[in-house]
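Let's take a friendly walk through a protein structure together. Keep the picture open beside you as you read.

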Amino acid sequence: YTAFFFFADAEAFLMKNAKVNLCLQASPTNGNLLLQDCNPESDFQDWSWQGDSLMNQGTQSCLSVVGADRVQTSLCGSVAYTSWDCSDSLLSPLGSSHGYLVANRKGVALNNVRGLKAQWQDVADRSVCEEKAVEEEQAMFFPAALASTHMYDYAAGNVSLMLGISQEELEELLWFFRREDPSPWDYSMLALSFVAMILGLLLLAINVARNRKRKLHMYREAAQSAKEAELQAKQALMTLQEDSSAEPQKLEAVPQDERSGEVTVQWKDGTVTSLYTERSEEAV
């Protein structure tokens with residue numbers, strides 16, 4: 001049960017040749033292998049590691065060696081060489097000396113070449129051997145969590161000692177996380193996100209209203225200051241005009257029959273007299 005669950009959840013990946021940049025595709029009819037443009041949506045280009053075997057997700061068959069250098073897909077476990085050794089992006093049949101899986105004009109075959117034609121990567125340009133390492137790591141840890149905890153008493157005991165909890169509490173936690181439904185948590189996060197959005201919009205509206213009021217207040221103060229300055233300027237102009245209109249009247253009060261060289265004085269009561277009276281020529 002554990003092995004079946006692990007194989008069913010094995011992560012699929014594309015097998016792209018580093019030389020031709022084309023992906024390995026299985027034929028759904030005759031088991032032949034083709035090199036086509038990479039298409040992540042095609043199940044016939046999806047491969048996954050099942051232990052040491054490479055299984056195609058579209059045909060549910062494994063990459064196999066059926067001759068001296070011929071490679072195709074066959075039922076998993078039905079032929080001798082369905083297991084592959086992966087090292088440095090190179091794929092070779094496990095336990096044989098047939099060479100490496102190499103891309104050619106017809107598709108793929110076995111050859112002793114170790115260049116780019118024999119190197120296989122995924123769409124992220126990672127070696128397919130890294131995908132195998134990930135699957136092997138998952139194979140070490142997933143069965144312990146999915147199968148009965150009584151099969152791993154020794155490992156669970158070490159974990160319980162490290163965490164400072166008892167064996168029963170550890171088993172209860174394992175079963176809890178296996179059965180936990182993430183839907184309430186997802187709905188809670190969605191509701192919190194909606195509330196946060198509403199609060200953000202409310203704060204934004206308040207900030208906009210305050211900025212508008214502050215600008216109106218500043219505009220009114222500026223208009224009032226301008227009006228006061230204009231009023232003061234008008235008052236100063238009126239005072240200047242009154243002073244300028246009073247000076248000619250005073251000048252008109254001065255007698256116009258003064259002779260040149262004569263000094264006159266205008267007194268407070270309005271009378272004007274000469275300061276120096278010239279003697280007439282007759283008196284001399």
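UniProt, in an unreviewed entry, lists residues 187-209 under "transmembrane region". That label comes from the record; what you see on screen is a predicted model. In the model, this span is 100% helix and 0% strand, and the C-alpha atoms at its two ends lie 33 Å apart. Try finding residue 187 and following the helix along to residue 209.

Now zoom out to the whole protein. You can count 5 helices and 15 strands here. The protein has 284 residues, and 25% of them count as buried. Its accessible surface comes to about 20500 Å², with 57% of that area belonging to carbon and sulfur atoms. You can also ask how far along the sequence contacting residues are separated. If we take the contacts between residues at least 6 apart in sequence, 44% of them join residues at least 24 apart.

Next, pick out strand β5, which runs over residues 46-50 and includes Ser 48. Is Ser 48 buried or exposed? Its relative accessible area is 0%, and buried means under 20%, so Ser 48 counts as buried. Who are its polar partners? The side chain of Ser 48 makes a polar contact with the side chain of Gln 50 at 2.9 Å, and another with the side chain of Gln 57 at 2.5 Å.

Trp 49 has a partner of its own: the charged end of Lys 132 sits over the ring of Trp 49, 4.9 Å from the ring's centre. As for rings paired with other rings, the structure holds 0 aromatic pairs.

Finally, let's visit two loops. Asp 88 lies in the loop between β9 (84-87) and β10 (90-93). Its phi is near 55°, which is a positive value in a residue other than glycine. Asp 125 also has a positive phi, near 60°, and again the residue is not glycine. You will find Asp 125 in the loop that lies between β13 (120-121) and α2 (128-146).

How do these two residues count in terms of accessibility, exposed or partly exposed? Asp 88 has a relative accessibility of 62%, and exposed means over 50%, so Asp 88 counts as exposed. Asp 125 stands at 48%, between the 20% and 50% cut-offs, so Asp 125 counts as partly exposed.

Note on methods: Residues numbered from 1 in each chain as written. Predicted model: local features only at pLDDT ≥ 70, side-chain atom pairs only at ≥ 80, totals over all residues. Heavy atoms only, no water. Phe/Tyr/Trp six-rings, centres within 6.5 Å; stacked < 30°, edge-to-face > 60°. Lys NZ or Arg CZ within 6 Å of the ring centre and 35° of its normal. Helix = DSSP H or I, 4+ residues; strand = E, 2+ residues; numbered from the N terminus. Buried < 20%, exposed > 50% of the residue type's maximum accessible area, 1.4 Å probe, protein only. Polar contact = N/O pair within 3.5 Å; in protein donor to acceptor, adjacent residues only side chain to side chain. UniProt positions renumbered as here; feature names shortened; annotations may be inferred. Contact = heavy atoms within 4.5 Å. Areas by Shrake-Rupley, 256 points an atom, 1.4 Å probe, with all protein chains shown as cover.
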